[in-house]
Amino acid sequence: MSSVIAIIAVMAGVGMSFGLVLAYANKKFAVEMNPLIHVVEDALPKGQCGACGFAGCMAYAEAVVLDKDVAPNLCIPGKKAVAEQVGKLTGKVAEDIEPRVAFVKCSEPVSVGSKKYIYSGIEDCLAASLLHAGPKDCEYGCIGLGTCVKQCVFDAIELNDQGLPVVNKEKCTGCGKCAAVCPKKVIDMIPIDAHVAVYCNSHDKGAVVKKFCKLACIGCGLCAKLCPHGAVKMQNNLAVVDSSICAEKCTEMVCLDKCSTKAIKTYKIPPLEMEQAV
Amino acid sequence: MNDYLLLFMGAVVVNNFVLTRFLGLCIFFGVSNNLSASAGMGMAVTAVITLSSMFAWIVHHYILVPFNVTFLTTIVFVLLIASFVQLLEMVVKKYTPALHKMWGIYLLLVATNCVVLGVPLINVESNFSLMKSIVNAFGSGVGFALAIVLMASCREKLRLADVPKSLEGLGVAFIVAGCLALSFFGFSGMIK
């Protein structure tokens with residue numbers, strides 16, 4: 001009997017004293033933290049992608065609440081809704097963020113594209129690009145080892161049967177992690193409603209690039225000449241589209257007509273053609 | 001002095017808790033994905049083991065032994081470690097926010113780990129003095145940190161390796177852990 005009492009006494013005493021110490025410590029070592037930080041953190045998507053430039057959603061929530069210079073619209077995956085909510089919570093005005101998605105500029109199939117050598121090293125584009133700028137003949141093309149796929153925290157990219165990365169526009173949040181990691185800079189962030197896009201990343205001259213890729217932009221500049229609004233410009237043998245001009249003025253997309261390799265293509269089906277398609 | 005040094009080295013390499021006694025394997029595999037996280041975890045475990053062993057010794061010798069209830073050791077130690085980790089978290093959060101940021105969630109994960117309970121129990125079983133308990137606990141913590149950092153370095157390299165599909169991830173991690181454990185068995189017999 002006495003041992004039972006001893007057990008109860010010891011357990012109760014020990015438990016009680018630990019409890020009291022913790023209760024006291026909770027008061028004594030309380031850290032004052034702005035409760036708003038947790039509210040803001042709850043509003044964020046918690047992908048911890050780091051697209052905002054902070055170490056994670058919590059770090060961004062802390063910064064946006066405490067620092068008045070941190071803008072409320074930095075969360076790119078959250079898009080407009082989150083920016084507005086964060087702006088409302090922190091009393092800041094959220095400027096619009098243009099929804100962007102990753103776009104793979106190369107369209108030369110990796111599986112059959114012409115190669116300098118057969119690569120059998122580490123399955124990683126960064127490693128492969130160190131060896132003679134990668135196995136592909138085209139120095140600007142997609143290597144197709146899927147470094148961008150591994151980088152995506154939202155499962156928005158996968159490799160298709162040709163070995164090229166395909167972006168799922170529904171899932172892509174536009175955080176830009178894949179674009180940052182690609183050693184060839186094949187991935188670009190473009191507006192989700194871009195009219196046209198150039199499906200090539202090669203800055204080689206037409207004669208060089210024609211040798212190993214039928215789909216490349218040869219840099220002839222016809223599209224740039226045809227565009228009445230100056231939305232297409234030639235930069236270093238590659239056509240570059242300024243989508244903001246397209247969105248404002250383009251009605252006819254003449255740039256598509258004369259392209260001999262069809263490197264410039266429609267990106268989003270415009271409303272008019274969509275009706276016809278139905 | 002020599003005694004303490006031997007005890008320390010023994011705890012670090014010869015009786016390494018993870019690789020020769022197979023305790024604490026859950027965090028050993030769970031947090032060894034990247035090097036900086038595992039270093040933080042190693043430090044948190046070392047701190048918690050050392051301090052909680054000290055308190056455990058005091059509680060054992062001044063409460064459990066006088067009341068003749070040493071059979072309650074395990075359950076009291078569980079209680080002690082859980083509350084001590086809570087306390088440590090509060091103190092660290094208050095006085096060194098930088099350290100708190102680095103340890104982050106690991107500190108609380110440690111509370112439920114078997115190494116942290118195992119070391120004080122072994123100390124009590126071996127009838128160590130207070131000083132010896134602390135040295136043994138610190139050594140065990142350093143040994144754990146060493147093992148998890150080694151493992152994390154291996155796994156970071158493994159991520160770039162061409163591992164067969166069926167072994168990807170944990171499968172190959174188990175194999176690597178086995179190789180590490182084998183190499184640590186090489187130390188056995190060095191210190192009796």
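In this predicted model, V115(B) makes contacts well along the chain. Setting aside neighbours within four places in sequence, V115(B) is in contact with F17(B), L23(B) and G24(B). V45(B) and I49(B) are also among its partners. S140(B) and F144(B) complete the set.

V115(B) belongs to the largest nonpolar core, which has 50 residues. V115(B) is one of the residues with the most contacts inside this core, together with V45(B), V48(B), V116(B), F144(B) and I148(B). Eight helices of chain B each supply at least two core residues: α1 (2–14), α2 (25–30), α3 (35–64), α4 (73–95), α6 (106–110), α7 (114–125), α8 and α9 (170–185). The largest share, ten residues, comes from α8(B). A second core is separate from this one and has 44 residues. Its members include A128(A), Y199(A), C223(A) and L238(A).

Confidence was examined next. Chain B averages a pLDDT of 86. In that chain, 98% of the residues score at least 70. Among the elements of chain B, helix α8 (residues 130–158) has the highest mean pLDDT, 92. Helix α5 (residues 97–103) of chain B has the lowest, 75. Helix α8(B) is thus described twice: it has the highest mean pLDDT among the elements of chain B, and it gives the largest share of the 50-residue core. For the model, ipTM is 0.75 and pTM is 0.56.

Chain A holds eleven helices and eight strands. Of its 278 residues, 32% count as buried. Contacts in chain A between residues at least 6 apart in sequence were also considered; 56% of them join residues at least 24 apart.

Strand β1 (residues 100–104) of chain A is largely enclosed by the rest of the structure, because five of its five residues are buried. The residues of β1(A) point in two directions. R100(A), A102(A) and V104(A) point one way. V101(A) and F103(A) point the other way. Both groups are buried. Strand β1(A) runs antiparallel to strand β4 (residues 187–191) of chain A, and five bridges join the two. One of the residues in this pairing is F103(A), whose bridge partner in β4(A) is D188(A).

Two loop residues of chain A have positive phi values. Phi of D155(A) is near 55 degrees, and the residue is not glycine. D155(A) lies in the loop between α6 (147–151) and β2 (157–159) of chain A. D155(A) counts as exposed because it has 10 C-beta neighbours inside 10 Å, under a cut-off of 12 or fewer. Phi of K262(A) is also near 55 degrees, again in a residue other than glycine. K262(A) sits in the loop between α10 (243–249) and β8 (264–266) of chain A. With 12 other C-beta atoms within 10 Å, K262(A) is exposed.

The interface between the chains was then analysed. Here 17 residues of chain A are in contact with 17 residues of chain B. On the side of chain A that touches chain B, the largest share comes from helix α1 (residues 2–28) of chain A, with eleven residues. By class, this side of chain A has 13 nonpolar residues, two polar residues and two charged residues.

Definitions and conventions
Residues are numbered from 1 along each chain as its sequence is written. Chains are lettered from A and ligands numbered from 1 in the order in which they are written. This is a predicted model: local features need pLDDT of at least 70, side-chain atom pairs count only at pLDDT 80 or more; totals for chains, interfaces and linings use all residues. Two residues are in contact if their C-beta atoms, placed from the backbone, lie within 7 Å. Helices (H or I, at least four residues) and strands (E, at least two) are DSSP runs, numbered from the N terminus. Ala, Val, Leu, Ile, Met, Phe, Trp, Tyr, Cys and Pro count as nonpolar, Asp, Glu, Lys and Arg as charged, and the others, Gly among them, as polar. A residue is buried if 20 or more other C-beta atoms lie within 10 Å of its own, exposed if 12 or fewer, and partly exposed in between; C-beta atoms are placed from the backbone. Two strands pair if DSSP finds at least two bridges between them. pLDDT is the predictor's confidence in each residue, from 0 to 100. A nonpolar core is a set of buried Ala, Val, Leu, Ile, Met, Phe, Trp, Tyr and Cys residues joined through C-beta atoms within 7 Å.
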